[in-house]
Amino acid sequence: LQIGRSTESPIDFVVTDTVPGSQSNSDTQSVQSTISRFACRIICERSPPFTARIYAAGFDSSKNIFLGEKAAKWKTSDGQMDGLTTNGVLVMHPRNGFTEDSKPGVWREISVCGNVFSLRETRSAQHRGKKV
């Protein structure tokens, strides 16, 4: 599943920001979005062990990874390219799991290769956080 704010054909689920107090779509047009056009891809296995993986960035119609010019990019120790979307793909796993007693957990950022990092200094910083 491809998720992002773009309405182009590779996107399966379009997500948009909500602005507190806005009464209509026209109220939100002047606000810059915090959601990347091609934010992330989620891949789920339909047979055991039913794993789900999340990868930051989008994939164009040729199935190539697409990152914006301002996105942080680097080469890994094994020679692969990795990177973060301009606005970041953030995930949080609640403490105590998904129960009535759940408490917010620590926010993390997901890279193009599916690696998990601590948050950057700012959402659009060029340097990644620490690998978790």
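A polar contact is a pair of N or O atoms within 3.5 Å; within protein, one must be able to donate a hydrogen and the other to accept it. The predicted model described here contains such a pair: a polar atom of the threonine 85 side chain lies 2.9 Å from the backbone nitrogen of glycine 88.

The mean pLDDT of the predicted protein is 83, and 86% of its residues reach 70 or more. Confidence varies among the elements. Strand E11 (residues 116-117) has the highest mean pLDDT, at 96, and helix H1 (residues 25-28) the lowest, at 55. Where pLDDT is low, the predicted coordinates should not be read in detail.

The protein has one helix and eleven strands. Along the sequence these elements follow the pattern β-β-α-β-β-β-β-β-β-β-β-β. Of the 132 residues in the protein, 27% are buried. Among contacts between residues at least 6 apart in sequence, 42% join residues at least 24 apart.

Strands of a sheet pair through backbone hydrogen bonds, either parallel or antiparallel. One open sheet has four strands in the order E2-E1-E3-E4, with mixed pairing. Its edge strands are E2 (13-14) and E4, each of which pairs on one side only. Strand E1 (residues 2-4) runs antiparallel to strand E3 (residues 40-44), and two bridges join them. On its other pairing considered here, E3 is antiparallel to strand E4 (residues 52-56), with five bridges between E3 and E4.

Cysteine 40 takes part in both of these pairings. In E3, cysteine 40 stands opposite isoleucine 3, and in E4 the bridge partner of cysteine 40 is alanine 56. Not counting residues up to four places away in sequence, cysteine 40 touches Leu1, Gln2, Ile3, Ile54, Tyr55, Ala56, Ala57 and Val89. Three of these names return in the largest nonpolar core, which has five residues: Ile3, Cys40, Ala56, Val89 and Ile110. In soluble globular proteins, nonpolar side chains tend to be buried together.

An open sheet of three strands has the order E9-E10-E11, and its pairing is antiparallel. Strand E9 (90-92) and E11 each have a single partner strand and stand at the edges, so one side of each is left without a neighbour in the sheet. Three bridges connect E9 with E10, while strand E10 (residues 107-110) and E11 are paired over two bridges. The hairpin of E10 and E11 has five residues between the strands, and in this hairpin glycine 114 takes a positive phi near 85°.

Glutamate 109 is bridged to both edge strands of this sheet. Glutamate 109 in E10 is the bridge partner of leucine 90, and phenylalanine 117 in E11 is the bridge partner of glutamate 109. The side chain of glutamate 109 also has a charged partner. Side chains of opposite charge can pair when their charged atoms come close. Glutamate 109 forms a salt bridge with arginine 120, with the closest N and O atoms 2.6 Å apart. Glutamate 109 lies in strand E10 and arginine 120 in the segment after E11, so the pair ties together parts that are eleven residues apart in sequence. The count of salt bridges in the model comes to one. Both partners are buried, because a residue counts as buried under 20% relative accessible area: the relative accessibility is 2% for glutamate 109 and 9% for arginine 120.

Threonine 85 is found in the loop between strand E8 (81-83) and E9. With a relative accessible area of 3%, threonine 85 is also buried. Leaving aside neighbours within four places in sequence, threonine 85 is in contact with Ser36, Phe38, Ala39, Ala56, Ala57, Leu67, Ala71, Glu109 and Arg120. This list includes Glu109 and Arg120, the two residues of the salt bridge. The list also includes Ala56, a member of the largest nonpolar core.

How values were computed
Residues are numbered from 1 along each chain as its sequence is written. This is a predicted model: local features need pLDDT of at least 70, side-chain atom pairs count only at pLDDT 80 or more; totals for chains, interfaces and linings use all residues. Side-chain values use heavy atoms; hydrogens and water are left out. pLDDT is the predictor's confidence in each residue, from 0 to 100. Two strands pair if DSSP finds at least two bridges between them. Buried means under 20% relative accessible area, exposed over 50%, partly exposed in between (1.4 Å probe, protein chains only). Contact means heavy atoms within 4.5 Å. A nonpolar core is a set of buried Ala, Val, Leu, Ile, Met, Phe, Trp, Tyr and Cys residues joined through side-chain atoms within 4.5 Å. A salt bridge is a side-chain nitrogen of Lys or Arg within 4 Å of a carboxyl oxygen of Asp or Glu.
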